[in-house]
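Open the model in a viewer and keep the selection panel at hand. The tour goes stop by stop, with a selection to make at each.

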Amino acid sequence: MTLHGKVIELNSLFLYDLIVPVYNGLSYVQECLHSILDYTESGTYRLIIVDDASDSRTQEYLRRIAADHPQQITLHRNLENLGFVKSC
């Protein structure tokens, strides 16, 4: 699968992919991602986070959570804000 020119390896072990576009809104992003991680069965999904050129605080949080969950989370960062539709 290709996302904005970046090849993302598909793993047949996952039942589904969750794509979460992010542009700032750190408190909402934290709540969303923690809900997914806490209430969705581990190993059944891959979480693809698309950071749409968020501020440095949001970027750092996304880097940390992706590093903490390398088997579940793929993080892609747009160098400039492309908007919701292009980020999805």
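The stops below cover confidence, one helix, the nonpolar core and the salt bridges.

**Confidence.** This is a predicted model, so begin by colouring it by pLDDT. The average for the protein is 89, and 85% of the residues score at least 70. Select residues 2-3, strand β1, for the lowest mean pLDDT among the elements, 58. Then select residues 56-68, helix α2, for the highest, 98.

**Helix α1.** Select residues 26-39. The end C-alpha atoms of α1 are 20 Å apart, which agrees with the 20 Å that its 14 residues should span at 1.5 Å a residue. Now show the side chains of Leu26, Val29, Leu33, Ile36 and Leu37, the buried residues of α1. These lie on the same side of α1, because they cover an arc of only 100° around the axis. Turn to the face away from that buried side to find the exposed residues Tyr28, Glu31, Asp38 and Tyr39. Add β3, β4, α2 and β5 to the view: the buried residues of α1 pack against these elements.

**The core.** Which residues have the most contacts inside the largest nonpolar core? Select Leu33, Leu47, Ile49, Tyr61, Leu62 and Ile73; the core they belong to has 15 residues. At least two residues of this core come from each of β3, α1, β4 and α2, and α1 gives the most, with five. Centre on Leu33 next. Beyond residues up to four places away in sequence, Leu33 touches Val20, Leu47, Ile49, Tyr61, Leu62 and Ile65.

**Salt bridges.** The count comes to four. Select Asp17 and Arg46, whose closest N and O atoms are 2.9 Å apart. This pair links distant parts of the chain, with Asp17 in strand β3 and Arg46 in strand β4, 29 residues apart. Is Arg46 buried or exposed? Arg46 has a relative accessible area of 5% and is therefore buried, while Asp17, at 32%, is partly exposed.

Move to Asp51 and Arg77, which form a salt bridge at 3.3 Å, N to O. Here strand β4 holds Asp51 and strand β5 holds Arg77, 26 residues apart. Asp51 counts as buried at 2% relative accessibility, whereas Arg77 is partly exposed at 32%.

Finish on helix α2 with Arg64 and Glu60, a salt bridge of 3.9 Å, N to O. Arg64 and Glu60 are four residues apart in α2, so about one helical turn separates them. Add Arg63 to the selection: Glu60, Arg63 and Arg64 are linked in a network of salt bridges.

Key
Residues numbered from 1 in each chain as written. Predicted model: local features only at pLDDT ≥ 70, side-chain atom pairs only at ≥ 80, totals over all residues. Heavy atoms only, no water. pLDDT = per-residue confidence, 0-100. Expected span 1.5 Å × (residues − 1). Buried < 20%, exposed > 50% of the residue type's maximum accessible area, 1.4 Å probe, protein only. Arc of directions from axis to C-beta. Contact = heavy atoms within 4.5 Å. Core = buried A, V, L, I, M, F, W, Y, C linked by side-chain atoms within 4.5 Å. Salt bridge = Lys/Arg side-chain N within 4 Å of Asp/Glu carboxyl O.
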